[in-house]
Amino acid sequence: MSQTNHVKLAAIHRYDLGVVICKLCNEVIATLPTDGYKKFYSLCNAMSCIEKNKEENKR
Ligand SMILES: [Zn+2]
């Protein structure tokens, strides 16, 4: 019985633990391959959020 080493090319699915979330609508904008779970707050490109952000900066 000949043994062949079947190397399975398993695609290593690395989940990005860092998430970039829109601070206004909580939409996940992007993921980052960070070391551990991290949350980053940013702004998505939805008009409503951009406008809202502008207004909040005025105050
Ligand atoms: Zn948003």
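Strand β2 (28-32) is hardly covered, with zero buried residues among its five. Buried here means that 20 or more other C-beta atoms lie within 10 Å of a residue's own; 12 or fewer makes it exposed, anything in between partly exposed, and the C-beta atoms are placed from the backbone. Strands are DSSP runs of E with at least two residues, helices are runs of H or I with at least four, and both are numbered from the N terminus. The model is a predicted one, so local features need pLDDT of at least 70 and side-chain atom pairs count only at pLDDT 80 or more, while totals for chains, interfaces and linings use all residues. Residue numbers start from 1 along each chain as its sequence is written.

Zooming out, the protein chain comes to one helix and three strands, which run β-β-β-α from the N terminus on. Of its 59 residues, 2% count as buried. Residues 24 or more positions apart supply 10% of the contacts with a separation of 6 or more, a contact being two residues whose C-beta atoms, placed from the backbone, lie within 7 Å.

The three strands make up an open sheet in the order β2-β1-β3, with mixed pairing. That leaves β2 and β3 (38-42) as the edge strands, each pairing on one side only. From one strand to the next the twist averages 25°, where axes are lines fitted to C-alpha atoms (for helices, over the stretch in contact) and angles run from 0 to 180 degrees between N-to-C directions. In general, strands of a sheet pair through backbone hydrogen bonds, either parallel or antiparallel. Two strands count as paired once DSSP finds at least two bridges between them.

Both senses turn up here. β1 (18-22) and β2 pair in the antiparallel sense over four bridges; I21 has V28 of β2 as its bridge partner, and V20 stands opposite A30. On the β3 side, β1 runs parallel to its partner, with five bridges joining the two, and V19 is matched with K39 of β3. β3 itself has zero buried residues out of five, so it lies largely in the open.

Now for the turn. β1 and β2 form a hairpin with five residues between them. N26 is found in this loop, and its phi is positive, about 60°, although N26 is not a glycine. N26 counts as exposed because it has 9 C-beta neighbours inside 10 Å.

K23 shares the loop between β1 and β2, but with 16 other C-beta atoms within 10 Å this lysine is partly exposed. Once neighbours within four places in sequence are left aside, K23 is in contact with Y41, S42 and L43. K23 and C44 are 21 residues apart in sequence, yet their C-alpha atoms are 8.2 Å apart in space.

That leaves the helix. α1 covers residues 47-58, and at 1.5 Å a residue its twelve residues should span 16 Å; the end C-alpha atoms are 17 Å apart, which agrees. The expected span is 1.5 Å times one less than the number of residues. Like β2, α1 is hardly covered: none of its twelve residues is buried.
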